Amino acid sequence: PSPRYVEAVASAFASGLYEDGSNTFGTGKYGDLAATVAAIFLDREARSSILDEDPTNGLVREPIVKLMHLIRAMDLNTSNNVDREIHFYRLKDKLGQDVHRSPSVFSFFSPNYQPAGPVFEKGLVAPAAQLFDAPQLVGFLNGLSNLFEFGLSDCIWPGALGSWVERSYVLDEPNSGRFNCWEGNEFGPNALSVPFRFRWSPQSNNSSQIVSDLDMLMTGGRLQANNKAIMVDAYNKVVDESTDAYGHERALETVQKLMTTTPEFHTTNNLV
């Protein structure tokens, strides 16, 4: 955000008021969150499509933000919507970031961090990129791949984001029992799996439509045409090579994994 944008939000928090045209938000009391949230979402920078095309605008997304986005967009849930607490295991070691586990009061990264390359050469900063060293970036992609393939569990340790508790001792019905890792990536009505899996499903088996839907849900409709074509080809290839009735399910899983590797998933602005 620009200094003006930051000042507008800070002023709304301090004054407890925010005006947007004829609409006024807040009670006028210090720290009013209605005014603060309105200032964040209604500011012209938050809604400008022009800024999306500016290569100096936007940011790389934090690992924990990407993970939370994914489990909501792809509906990490039980098969019968039984409420269960989601327990991720040792995310700090695998992703470099975990909720409420900052290594210091100054967060997980420096606000002035400049990765080598174009960002540094242009005098810009990319704070969250400090978490993108090779082990943590690979750990992030491995963890998401495990989520799509096995659900939330410890399968394919140590890359998995869950623990053995998520698959071994599940007390609520009908999601009870002991689940084995080799059963977690099977398809079909009789396939066993851990309770927490991604439950999002497309409305059709049309590969182009499925990729477009995933583009909207996972990258905000910013997936470039060449990446879309790669996704569609990958989906069709898996379906064509399938030897059973679950080719579309495998193809969907493949494309979902590929989507998490795209630059568009890891950034907030359009690519140039």
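**Loops, helices and cores**

Reader: Let's start with Arg90: where in the chain is it found?

Author: We're looking at a predicted model here. In it, two elements flank Arg90, one a strand and one a helix. Its place is the loop between S3 and H5.

Reader: And what's the phi of Arg90?

Author: Most residues other than glycine have a negative phi. Arg90 isn't a glycine, yet its phi is positive. The value is about 55°.

Reader: Does Arg90 count as buried, partly exposed or exposed?

Author: Buried would need under 20% relative accessible area, and exposed would need over 50%. Arg90 comes in at 43%, so it counts as partly exposed.

Reader: Which residue just after H4 takes a positive phi?

Author: The residue sits in the loop between H4 and S3. It is a residue other than glycine, with phi near 60°. With a relative accessible area of 31%, it is also partly exposed. The residue just after H4 is Asp75.

Reader: Turning to H4 itself, which residues of that helix are buried?

Author: H4 runs over residues 63-73. Cover for its buried residues includes S3, H5, H7, S4, H9 and H12. The buried ones are Pro63, Ile64, Lys66, Leu67, Leu70, Ile71 and Ala73.

Reader: How many residues does H4 give to the largest nonpolar core?

Author: That core has 32 residues, and Leu67, Met74, Phe88 and Leu214 have the most contacts inside it. The elements giving two or more residues to it are H4, H5, H7, H9, H10 and H11. H4 supplies the largest share, and that share is five residues.

Reader: There's a second core too; how many residues are in it?

Author: This one is separate from the largest core. Among its members are Tyr5, Ala12, Ala35 and Ala39. The size of this second core is seven residues.

Reader: Back to Leu214: which residues of the chain does it touch, leaving out those up to four places away in sequence?

Author: Leu214 is one of the residues with the most contacts inside the largest core. Its partners include Leu252, Val255, Gln256 and Met259, which are buried in H11. The complete list is Met74, Trp200, Thr219, Leu252, Val255, Gln256 and Met259.

Reader: Where is Trp200 found?

Author: Setting aside neighbours within four places, Trp200 contacts Ala73, Met74 and Asp75, and also Asp213, Leu214, Leu217, Leu252 and Gln256. The residue itself lies in the loop between S4 and H9.

Reader: How far is Trp200 from Ala8 in space?

Author: Along the sequence, 192 residues separate Trp200 and Ala8. Going from C-alpha to C-alpha, the distance is 38 Å.

Reader: Which residue in the loop between S4 and H9 has a C-alpha 6.9 Å from that of His248?

Author: The pair lies 43 residues apart along the chain. Apart from residues up to four places away, the one you're after touches Ile210, Tyr235 and His248. It is partly exposed, with a relative accessible area of 49%. That residue is Asn205.

Reader: Let's look at H11: what distance does it reach from its first C-alpha to its last?

Author: H11 covers residues 247-259, which is 13 residues. At 1.5 Å a residue, the expected span is close to what the model gives. The helix reaches 18 Å.

Reader: Which elements are included in the cover over the buried residues of H11?

Author: The buried residues of H11 are Gly247, Ala251, Leu252, Glu253, Val255, Gln256 and Met259. One strand and four helices are named in the cover. They are H7, S4, H9, H10 and H12.

Reader: Is Asn227 buried or exposed?

Author: Asn227 is found in helix H10. Beyond residues up to four places away, it touches Pro263 and Glu264. Its relative accessible area is 14%, and the cut-off is under 20%, so Asn227 is buried.

Reader: Zooming out, what percentage of the residues of the chain count as buried?

Author: The chain has 12 helices and four strands, and its C-alpha trace spans about 60 × 45 × 40 Å along the principal axes. About 15300 Å² is exposed, with carbon and sulfur atoms supplying 56% of that area. Of the 272 residues, the buried part is 38%.

Notes. Residues numbered from 1 in each chain as written. Predicted model: local features only at pLDDT ≥ 70, side-chain atom pairs only at ≥ 80, totals over all residues. Heavy atoms only, no water. Buried < 20%, exposed > 50% of the residue type's maximum accessible area, 1.4 Å probe, protein only. Areas by Shrake-Rupley, 256 points an atom, 1.4 Å probe, with all protein chains shown as cover. Expected span 1.5 Å × (residues − 1). Contact = heavy atoms within 4.5 Å. Core = buried A, V, L, I, M, F, W, Y, C linked by side-chain atoms within 4.5 Å.
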